[in-house]
Amino acid sequence: TGVHGKYVLEEHDHFLETSQTQSSTASQDNINISGSQKITVTPAANTDIIEFSFFIGAWMGGTGNQYMGVGIQKSTTSDFSSGNSDAWLTGRHAWGWGSTNGSDDQYVTFGGTTTKTSSVWSLTADTTYYFRLVGQTHSVNAAQLYRWAVNQTGDTGSGVELTMRRWKAL
């Protein structure tokens with residue numbers, strides 16, 4: 001019947017990674033763009049609402065036919081050495097351009113919020129999970145370069161940022 005009723009903010013976590021990540025590898029889905037930063041969340045019930053908000057400045061350079069995306073990776077280990085899965089991905093073609101744009105560099109600043117219940121995120125109550133932001137790449141040309149945590153002229157962003165809020169039903 002859906003989620004309704006009164007909720008209270010039970011848990012909050014946030015990180016800001018200011019170090020730039022660079023890749024020249026095409027067709028990737030899980031490039032760590034969060035450094036050693038991570039979000040920790042322990043849901044209390046499958047009805048908890050988990051909200052993620054992100055902000056990223058990025059850059060692509062190359063010869064066209066180049067695209068990128070981002071995602072949120074989930075793990076049951078704090079160092080992401082095992083138990084990893086894709087919690088949410090925009091897809092490799094979320095931002096970019098085709099061959100008609102030639103070799104222009106492209107700066108993109110993107111952000112968003114996604115909200116689901118613990119059960120939809122596939123989280124088990126009383127289990128601790130770790131989340132981080134990952135980059136995605138796609139290109140049909142070999143000479144491509146991708147960067148995350150890039151500030152462009154006039155951009156007030158300062159890196160790769162992820163915020164989590166866990167809401168508990170009263």
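Of the 170 residues in the protein chain, 42% are buried, and I should say at once that we are looking at a predicted model. The accessible surface of the chain comes to about 8000 Å², and carbon and sulfur atoms account for 44% of that surface. As for secondary structure, the chain has twelve strands and zero helices, so please keep the strand numbers in mind as I go along, since I will use them to say where each residue sits. Among the contacts with a separation of 6 or more, 83% are between residues 24 or more positions apart.

Let me turn to the salt bridges. The count comes to three, and two of them involve arginine 166. In one, the side chain of arginine 166 meets that of glutamate 11, with 2.6 Å from N to O. Arginine 166 lies in strand β12 and glutamate 11 in strand β1, residues 7-17, so this pair ties together parts of the chain that are 155 residues apart in sequence. Both of these residues are buried. In another, arginine 166 pairs with aspartate 48, and here the closest N and O atoms are 2.7 Å apart. Aspartate 48 is in the loop between β4 (39-41) and β5 (49-62), so this second pair ties strand β12 to a part of the chain 118 residues away in sequence.

How buried are arginine 166 and aspartate 48, in relative accessibility? Arginine 166 has a relative accessibility of 6% and therefore counts as buried, while aspartate 48, at 1%, counts as buried as well. The cut-off behind that word is under 20% relative accessible area.

The remaining salt bridge joins arginine 165 and glutamate 51, with the closest N and O atoms 3.1 Å apart. This pair, too, links distant parts of the chain, with arginine 165 in strand β12 and glutamate 51 in strand β5, 114 residues apart. Arginine 165 is partly exposed, because its relative accessible area is 26%, whereas glutamate 51, with 16%, is buried. Taking the bridges together, those that share partners join Glu11, Asp48 and Arg166 into one network. As general background, side chains of opposite charge can pair when their charged atoms come close.

Staying beside aspartate 48 for a moment, I would like to point out serine 118, which is found in the loop between β9 and β10. Although it belongs to a loop, serine 118 has 0% relative accessibility and so counts as buried. Leaving aside neighbours within four places in sequence, its contacts are Pro43, Ala45, Asn46, Asp48, Ile50 and Leu123, and Asp48 is the residue we have just met as a salt-bridge partner of arginine 166.

Next, two residues of strand β6. Valine 70 is found in that strand, and with a relative accessible area of 0% it is buried. Beyond its neighbours within four places, valine 70 is in contact with a set of residues that includes Phe54, Ile56, Trp88, Leu89, Trp95, Phe110, Val134 and Trp148. The C-alpha atoms of valine 70 and phenylalanine 54, which are 16 residues apart along the chain, are separated by 9.8 Å.

Glutamine 73 is in strand β6 as well, which covers residues 66-75. Which side chain makes a polar contact of 2.8 Å with that of glutamine 73? The partner is arginine 132, and glutamine 73 itself, at 6% relative accessibility, counts as buried. Not counting residues up to four places away, glutamine 73 also touches Asn30, Phe80, Asn84, Ser85, Ala87, Tyr130, Phe131 and Val134. Val134 thus appears among the contacts of glutamine 73 and among those of valine 70.

Finally, there are two backbone details for those of you with the structure open. Aspartate 126 is not a glycine, yet it has a positive phi of about 65 degrees. Aspartate 126 lies in the loop between β9 (106-117) and β10 (129-139), and its relative accessibility of 65% is why it counts as exposed. Alanine 149 also has a positive phi, near 75 degrees, in a residue other than glycine. Alanine 149 is in the loop between β11 (144-148) and β12 (160-169), but at 9% relative accessibility it counts as buried, whereas aspartate 126 is exposed.

Note on methods
Residues are numbered from 1 along each chain as its sequence is written. This is a predicted model: local features need pLDDT of at least 70, side-chain atom pairs count only at pLDDT 80 or more; totals for chains, interfaces and linings use all residues. Side-chain values use heavy atoms; hydrogens and water are left out. Helices (H or I, at least four residues) and strands (E, at least two) are DSSP runs, numbered from the N terminus. Buried means under 20% relative accessible area, exposed over 50%, partly exposed in between (1.4 Å probe, protein chains only). Contact means heavy atoms within 4.5 Å. Accessible areas come from the Shrake-Rupley method with a 1.4 Å probe; for residues, only the protein chains shown count as cover. A polar contact is a pair of N or O atoms within 3.5 Å; within protein, one must be able to donate a hydrogen and the other to accept it, and residues adjacent in sequence count only if both atoms are side-chain atoms. A salt bridge is a side-chain nitrogen of Lys or Arg within 4 Å of a carboxyl oxygen of Asp or Glu.
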